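Colleague: Please take a close look at one loop of the model below. Once that part is described, carry on to the other parts that a modeller would want to check.

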Amino acid sequence: MTHSLATIFALSSGRGPAAIAVIRISGPRAGAALTALGVKIPQPRKAAFARIRDPASGEIIDEALALWFPAPNSETGEDVAELQPHGGRAVIAGVLAALSRVEGLRMAEPGEFTRRGFENGKLDLTAVEGLADLVMAETEGQRRQALRQMQGALGKRAEVWRQQLIQALALVEARIDFSDEGDVPEGLVEPALTIARTLADEIEAALSDGGRGERLREGLTVAIAGPPNAGKSTLLNRIARREAAIVSPYAGTTRDVIEVHLDLGGWPVTLLDTAGIRPTDDPVEMEGVRRARERAAGADLVLWVEDASAPDGGEEGHWPGMAGSAIGLAERSRMIAAGDVPVGNALVGGSRADTLAIWIVHNKMDLVERPKSLNERFAQNIAQHEPKDRGNGSFNRRASRKNESYADHNEYIFDISAASGEGVDALLRAMLGEAESFLAGTESALVTRERHREALEETATALRRAADLGAREDLLAEELRLAAHSLGRLTGRVDVEDVLDVIFRDFCIGK
Ligand code: GDP
């Protein structure tokens with residue numbers, strides 16, 4: 001394919017100091033670069049001892065290992081040299097400075113090595129994305145998914161689909177050619193339609209995964225919300241076990257949305273502390289409330305925290321639909337859980353309100369005189385919140401929340417003390433159970449990005465249209481071509497210049 005003339009180099013390992021550093025050089029002058037640094041080109045793919053010298057003064061910069069991967073059997077498809085000097089900052093700076101003085105060499109841009117690999121057909125675009133995700137993966141679940149994607153889980157499947165499409169297209173085109181000659185053989189269009197239908201079924205099945213692959217890649221979002229002073233920041237801090245949010249006895253001090261990334265048993269969960277959502281005239285606070293609403297709107301789960309020690313839930317007025325009314329905690333919880341109170345609406349002010357899953361957290365239980373039965377429940381929380389069966393959690397059945405009775409929701413009411421930590425483990429275990437039941441099906445998820453979803457939806461739509469067009473070969477051929485094109489864009493075979501910059505922008509330099 002293309003050939004890039006410039007030879008590029010970069011530090012591919014993390015910033016020093018470290019025991020060793022990895023500096024890569026790729027391009028037609030990679031070998032010349034080694035020579036310029038006084039390094040003899042090693043046997044291909046065999047580590048060799050090397051003294052790296054400054055090309056101007058001849059001074060030895062460091063002793064290192066050198067590796068040589070001649071084109072085309074390298075990651076970029078070009079000649080690649082790799083130097084592994086000691087990972088001190090001055091060493092790294094010295095080697096990079098020396099390389100920058102070699103003619104025809106320049107520093108690589110972010111993702112440029114991988115981009116060259118892609119342009120030289122070493123990996124398709126879904127594998128490139130998998131590689132980017134692998135570098136960014138923070139949890140086991142994300143790592144596994146990224147690795148599968150890098151190994152071609154989606155790319156290989158898409159290529160098989162594309163080949164079948166091309167076969168269908170060939171049949172239809174043959175039929176069109178024959179019809180010009182007037183002697184039309186039968187049995188060309190029907191097999192093409194069968195292929196189109198089967199492919200549409202397969203692609204639609206891959207798409208109906210509840211968005212799990214994308215959610216695993218990005219992490220589930222849990223928003224901690226509720227009236228000011230209920231103890232949201234205290235809870236977030238308790239969970240994060242660090243001082244992430246300001247804990248203050250004064251209402252409205254947590255103005256921004258603070259987020260904490262958690263690794264819950266291998267599943268990524270982002271916890272958001274939304275500022276006390278309540279009416280306010282303070283412009284700074286209004287901005288906090290706006291951001292809090294926006295973030296909460298995108299959440300998979302809302303932990304609605306209440307101060308159980310305040311009989312009316314603390315300050316009045318933040319209870320949507322019941323400002324000024326003295327409704328007790330238990331009754332309020334019942335109403336929220338049953339969907340009678342538009343908490344979601346107040347929280348996000350929009351159409352997603354109904355689909356938000358909400359768990360109710362009664363906080364400050366340490367201040368509450370508890371009847372014996374409640375004490376028992378508090379103590380038993382642990383037993384109640386073991387991870388549930390797959391696919392049965394509230395994340396994925398949130399759409400039907402409104403139709404469920406209060407009893408169904410009892411399991412989603414938690415009694416805790418954020419201050420002492422009591423009950424917090426049970427809450428976390430329940431969150432882990434939810435995350436697991438929601439994300440555990442991702443082993444088979446092929447779609448991990450919106451880009452994949454769009455391309456596959458386009459393909460499936462064109463295939464369905466094709467399947468309905470039996471008699472019109474010319475239109476049928478056009479739809480099949482469209483479908484093949486969308487699949488080609490997915491793997492980066494065709495017409496992807498516009499998405500390349502976006503994809504490679506997220507890479508680190510040196511990758
Ligand atoms: P936020 O406005 O909802 O974020 O509330 P904060 O986390 O800032 O807490 C408000 C006040 O309640 C602070 O003085 C906390 O120390 C206190 N607080 C929070 N959780 C608990 C708890 O479980 N028990 C007790 N006794 N006090 C708490």
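Modeller: Arg45 sits in the loop that runs between helix H1 (30–36) and strand S4. The model is a predicted one, and its phi for Arg45 is near 60 degrees, a positive value in a residue other than glycine. Is Arg45 buried, exposed or partly exposed? Its relative accessibility is 48%, and Arg45 therefore counts as partly exposed; the exposed class would need over 50%.

The loop leads into S4, so the hairpin comes next. Strand S4 (residues 48–53) runs antiparallel to strand S5 (residues 60–69), and 6 bridges join the two. One residue of this pairing is Ala48, whose bridge partner in S5 is Ala66. Between S4 and S5 there are 6 residues, and the two strands form a hairpin. In the turn, Gly58 has a positive phi of about 80 degrees.

Beyond S5 the chain enters another loop, which leads to strand S6 (80–84) and contains Pro72. The peptide bond between Ala71 and Pro72 is cis, with an omega of about 0 degrees. A cis bond is also found from Gly16 to Pro17, where omega is near -5 degrees. Pro17 belongs to the loop that connects strand S1 (7–11) with strand S2 (18–20).

A positive phi near 60 degrees in a residue other than glycine is also present at Lys364. Lys364 is placed in the loop from strand S13 (357–363) to helix H13 (372–384). With 23% relative accessibility, Lys364 counts as partly exposed, because the buried class is reserved for values under 20%.

Thr221 offers a contrast in cover. It lies in strand S9 (residues 220–225), and a relative accessibility of 11% is why Thr221 counts as buried. Leaving aside residues up to four places away in sequence, Thr221 touches Arg215, Thr270, Leu272, Gly298, Ala299, Asp300 and Leu301.

The ligand is the remaining item. Around it are 17 residues, and the closest are Asn229, Lys232, Ser233, Thr234 and Asp366. Helix H9 (residues 232–240) gives the most to this shell, with 3 residues. Sorted by class, the shell holds 7 nonpolar, 7 polar and 3 charged residues. Several N or O atoms of the protein can be paired with oxygen atoms of the ligand. In the side chain of Thr234, an N or O atom is 2.6 Å from a ligand oxygen. A backbone N or O atom of Ala419 is 3.0 Å from an oxygen atom of the ligand, and for a backbone N or O atom of Ala230 the distance is 3.2 Å. On its own the ligand has 580 Å² of accessible area, and the protein covers 83% of it.

For the whole chain, the totals are these. There are 18 helices and 14 strands, and of the 511 residues 51% count as buried. Taking contacts between residues at least 6 apart in sequence, 68% join residues at least 24 apart. The chain's accessible surface is about 23,100 Å², and carbon and sulfur atoms account for 52% of that.

How values were computed: Residues are numbered from 1 along each chain as its sequence is written. This is a predicted model: local features need pLDDT of at least 70, side-chain atom pairs count only at pLDDT 80 or more; totals for chains, interfaces and linings use all residues. Side-chain values use heavy atoms; hydrogens and water are left out. Helices (H or I, at least four residues) and strands (E, at least two) are DSSP runs, numbered from the N terminus. Buried means under 20% relative accessible area, exposed over 50%, partly exposed in between (1.4 Å probe, protein chains only). Contact means heavy atoms within 4.5 Å. A residue is near a molecule or strand if one of its heavy atoms lies within 4 Å of it. A polar contact is a pair of N or O atoms within 3.5 Å; within protein, one must be able to donate a hydrogen and the other to accept it, and residues adjacent in sequence count only if both atoms are side-chain atoms. Accessible areas come from the Shrake-Rupley method with a 1.4 Å probe; for residues, only the protein chains shown count as cover. Ala, Val, Leu, Ile, Met, Phe, Trp, Tyr, Cys and Pro count as nonpolar, Asp, Glu, Lys and Arg as charged, and the others, Gly among them, as polar. Two strands pair if DSSP finds at least two bridges between them.
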